[in-house]
Amino acid sequence: MAAADLLQRSLGAVWHPCTQMRHHQPGATSPLPLVPVVRGQGVWLEDASGHRILDGISSWWVNLFGHCHPQIGAAIKAQLDTLEHVMLAGCTHPPVVELSERLAALTGHRLGHAFYASDGASATEIALKMSAHYWRNQGQTEKCRFISLAGGYHGETVGALAVTDVPLFREAYAPLILAGTSVMSPDARQACAGESPADVARRAAQALEAHLDAHHRETAALIVEPLVQGAAGMAMYDPSYLRHARRLCDRYGVHLIADEIAMGCGRTGTFFASEQAEIWPDFLCLSKGISGGYLPLSLVLTTDGVFDAFLDDDTARGFLHSHSYTGNPLACRAALATLDLFRDEDVLTANIDRSRRLRAAFDARFADHPRLRHQRARGMVLAFDVADAPPDFSRRFFAAGLEARVLLRPIGATVYFMPPYVIDGAEIDHLMDGAAVALERVLA
Ligand SMILES: *Cc1c(COP(=O)(O)O)cnc(C)c1O
C-alpha cells in the first residue's frame, strides 16, 4: 500500500489508541502525524516511503531485542507448526510449563506460581482480585481496598483505573471507577534543598505508614511500579523505598504487588527491578517485554502461601478468573526465546556498557542545556524534563523527531529514551542527535 493510501484508509477505519483522532485529521490546529510502518529490522522501522526511523521507545516499551529478531521469529514459526493454541483450563502444554518453571527459577522459587493473561491491565486486575480473594479465603472479607502511588499507572481497564493515578485517563470514567487511595510517590524530583533521593523515599514511606496505620484493616494490597513510574513521566526513585514498603506491608498484613510490566525484563539493569531493593513482592506482574515485543502476553507470579490459600474442595474458593487466550503457546514460545537470549548472550552484563554509552551520549547533548531539568537515567531508561514547555510540546516534539528519523513520544514535557537492548554506538548517536535536533526545533 502506498503511504498516502495507507494513512487515509487507517483514518477511515482504525480508531487509534491513546489518541484524540482529530489531531490526525487534515487541518487540525496542532497536528499529530500518523506513521505508516511497513517493516522493522533491529532498532529501525521503515515507513511506506522507505524512510528508516529509529524506534527510541521500543514501540511502547515492549520490544527488547529489536524488530524481526531471527531467533524469536524462528521459535514462533516452529511453534506455529506444532501447536498454535489450546485452552489452558483442563489442558496444559510444554511452552507454558517451561516458561512458568523458568520464571519461578528467576525468582529463586519465591514466586513459584504463574497465572496468565494477555495484556498488562489484565495482569493488574488479576493481582488485585487474587489479593482480595486471598484475604476473603482467610476470613478477612473487609480487606478489599487498594493503595497505589501518586502518579502510578497500572493500566486502563475499569478495574485497573482504581489504582492508576493519571487524571487524563481517569476523569471521564470517574463514576465507573472503584475507590482507591494514592499515597505520596517517592519520585526523587520532589527533593527539597539538601534532601537526597533516599530522604524523599523515607518521607514517602512515612506517608505510607500513616495511611496503613489508619487503614490496614480494610487494605488488601499496595501496588507499585518498582524504581521507575513510567507513565508518570519516568519518575525515578531510590530503591530503599521498596524496602520500606516491604517492611510496612509485612508489619500491617498487606500484600505488596510489584507491577514490573514496564520495568521488568532487564529494563532497569536487573532482570526484575525489585531485585535492586533485595525484596520480593507477594505478586509480580509482567507483560510488555516478556514476549520480546512479539505477541500479547502477561502474567502474575505469586508465592506458595497465596497459591495454597486457594486450595480447597470448594470450587468457589479457587481463583476462577480466565481469558480465552490464557497461556497462548505462541506467546509463551516467544517468551522462552526471549529468556534464551538473556541467558545465552548475557544481556544484563552487556547492557551495563550499553547504558553507560547511552548516558554519555545523553549527557553530551542534554546535561547542561539551560531549558532542561532533572536529567536522569536508570539502566536502559533515560529522561529529562523541559522547563516552560508549550502545552502541545509532546505532539510537536514527536513530529520534529520523525523529521530527524527518530520515534520518540514525550509524556507531557518529559522526553524519554527506552531503546531496544541491541542499539549500537552509531545508532545511539543517531538517536541522541535526532532528539537534540527535534528539541531545538520545538523550542525555537
Ligand atoms: C503498560 C503498563 C500497564 C498496562 O499494560 P497494557 O498491556 O497496556 O494493558 C500496566 N502497568 C504498567 C507499569 C505499564 O507500563
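This is a walk through a predicted model, starting at the ligand and moving out through strands, a helix and a few loops.

Let's begin with the ligand. Twelve positions sit around it, so it helps to have them by name: W61, D119, G120, A121, Y153, H154, G155, E225, D259, I261, A262 and K288. What is the chemical make-up of this shell around the ligand? It divides into five nonpolar, three polar and four charged residues. Some of the contacts run through the backbone. A backbone N or O atom of G120 lies 2.7 Å from an oxygen atom of the ligand, and a polar backbone atom of A121 is 2.8 Å from a ligand oxygen. Y153 also joins in through its backbone, with a polar atom there 3.5 Å from a nitrogen atom of the ligand. As for cover, the ligand on its own has 380 Å² of accessible area, and the protein covers 82% of that.

Next, find strand β14, residues 381–386. Is this strand enclosed or open? Six of its six residues are buried, so β14 is largely enclosed by the rest of the structure. In a regular strand, side chains alternate between the two faces of the sheet. Here you can check each face in turn: V381, A383 and D385 are on one side, L382, F384 and V386 are on the other, and all of them are buried.

β14 has strand partners too. Strand β13, residues 372–378, runs antiparallel to β14 and is joined to it by five bridges. The two form a hairpin with two residues between them, and G379 in the turn has a positive phi of about 60°. Strand β16, residues 414–417, is also antiparallel to β14, this time with four bridges. If you want one residue to keep your bearings, try D385. R373 stands opposite D385, and D385 in turn stands opposite T414 in β16.

Now for another set of strands. β2 (residues 44–47) and β3 (residues 52–55) pair in the antiparallel sense over three bridges, with L45 standing opposite I53. This hairpin has four residues between its strands, and G50 takes a positive phi near 90°. β3 also pairs with β15, but here the strands run parallel and two bridges join them. L54 has V406 as its bridge partner in β15.

V406 is a handy lead to R405, which lies in the loop between α12 (393–403) and β15 (406–407). Most residues other than glycine have a negative phi. R405 goes the other way, with a positive phi of about 65° although it is not a glycine. With a relative accessible area of 28%, R405 is partly exposed. E278 is another non-glycine with a positive phi, near 55°. Look for E278 in the loop between β10 (255–259) and β11 (283–286). Its relative accessible area is 71%, so E278 counts as exposed.

Time for a helix: α13, residues 425–443. From first C-alpha to last, its 19 residues reach 27 Å, close to the 27 Å expected at 1.5 Å a residue. What caps the N-terminal end of α13? That is D424, which places a side-chain oxygen 3.2 Å from the backbone nitrogen of A426. An α-helix has 3.6 residues a turn, so residues three or four places apart point the same way. Keep that in mind as you look at the buried positions of α13, which include I428, L431, M432, A435, L439 and V442.

Finally, two single residues make a nice contrast. V224 belongs to strand β7, residues 219–224, and its relative accessible area of 1% makes V224 buried. V224 and L242 are 18 residues apart in sequence, and their C-alpha atoms are 8.7 Å apart in space. T82, on the other hand, sits in the loop between α3 (70–80) and α4 (94–106). Is T82 buried or exposed? At 64% relative accessibility, T82 counts as exposed, since the cut-off for that is over 50%. A polar atom of the T82 side chain lies 2.7 Å from the backbone oxygen of A78. To tie this back to the ligand, take A121, one of the residues around it. T82 and A121 are 39 residues apart along the chain, and 30 Å separates their C-alpha atoms.

Note on methods
Residues are numbered from 1 along each chain as its sequence is written. This is a predicted model: local features need pLDDT of at least 70, side-chain atom pairs count only at pLDDT 80 or more; totals for chains, interfaces and linings use all residues. Side-chain values use heavy atoms; hydrogens and water are left out. A residue is near a molecule or strand if one of its heavy atoms lies within 4 Å of it. A polar contact is a pair of N or O atoms within 3.5 Å; within protein, one must be able to donate a hydrogen and the other to accept it, and residues adjacent in sequence count only if both atoms are side-chain atoms. Accessible areas come from the Shrake-Rupley method with a 1.4 Å probe; for residues, only the protein chains shown count as cover. Ala, Val, Leu, Ile, Met, Phe, Trp, Tyr, Cys and Pro count as nonpolar, Asp, Glu, Lys and Arg as charged, and the others, Gly among them, as polar. The expected span of a helix is 1.5 Å times one less than its number of residues. Buried means under 20% relative accessible area, exposed over 50%, partly exposed in between (1.4 Å probe, protein chains only). Two strands pair if DSSP finds at least two bridges between them.
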